[in-house]
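This report looks at aromatic rings and the charges placed over them. The sequence and structure come next.

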Amino acid sequence: MLRRIFARTIEVSAHCDLPCGVYDPAQARIEAESVKAICEKVADKPDDIDFKIRAAIIKEQRSELVKHHLWVLWTDYFKPPHFEKYPQLHTLVNEATKLAGAGGTKASWEVKTADELLAKIDEIAKIFWETKKA
């Protein structure tokens with residue numbers, strides 16, 4: 001036991017939990033498309049409270065997944081050279097995650113809000129694919 005306590009430490013680092021190199025903003029987009037579809041379906045059934053409750057749970061889960069996938073891109077994929085070349089990237093990711101959060105699709109049933117989220121994801125995806133070409 002004392003050996004473990006006094007053993008030399010080795011510093012290691014990696015850019016993510018499992019450096020697989022597989023990143024794609026399509027994951028965030030698929031979840032955001034689901035959020036939009038849920039909003040559209042609820043608009044078609046405004047009086048079905050049970051349906052709306054189930055839809056709200058799923059919409060919140062999908063919105064959280066959008067944020068997760070965007071954060072993975074932001075924290076694991078994008079590097080300082082990307083942020084230098086695309087200085088708007090920080091703002092785009094911030095705005096997109098807020099649109100998927102409590103002030104966005106989690107709180108809103110508006111299809112317009114989901115469309116705004118999808119537009120932000122598309123802007124991030126455009127930058128992402130430009131960085132993959134470089």
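## Charges over rings

This is a predicted model. Lys 45 places its charged end over the ring of Phe 51, at 4.5 Å from the ring centre. A second lysine, Lys 59, lies over the face of Trp 109. Here the distance to the ring centre is 4.3 Å.

## Aromatic pairs

Six aromatic pairs are present in the structure. One of them joins Tyr 77 and Phe 78. Their ring centres are 5.2 Å apart, and the planes meet at 75°. That geometry is edge-to-face.

Are these two residues buried or exposed? Tyr 77 has 11% relative accessibility, so Tyr 77 counts as buried. Phe 78 has 3%, so Phe 78 is buried as well.

## A link across the chain

Phe 78 also pairs with Phe 128. The centres of these rings lie 6.5 Å apart. Their planes stand at 85°, so this pair is edge-to-face.

Which parts of the chain does the pair link? Phe 78 sits in the loop between helix H3 (49-77) and helix H4 (80-85). Phe 128 belongs to helix H6 (residues 111-133). The two residues are 50 residues apart, so the pair links distant parts of the chain. Both Phe 78 and Phe 128 are buried.

## The cluster

Phe 78 and Phe 128 are members of one aromatic cluster. Tyr 23, Tyr 77, Phe 83 and Trp 129 belong to that cluster too.

Technical notes:
Residues numbered from 1 in each chain as written. Predicted model: local features only at pLDDT ≥ 70, side-chain atom pairs only at ≥ 80, totals over all residues. Heavy atoms only, no water. Phe/Tyr/Trp six-rings, centres within 6.5 Å; stacked < 30°, edge-to-face > 60°. Buried < 20%, exposed > 50% of the residue type's maximum accessible area, 1.4 Å probe, protein only. Helix = DSSP H or I, 4+ residues; strand = E, 2+ residues; numbered from the N terminus. Lys NZ or Arg CZ within 6 Å of the ring centre and 35° of its normal.
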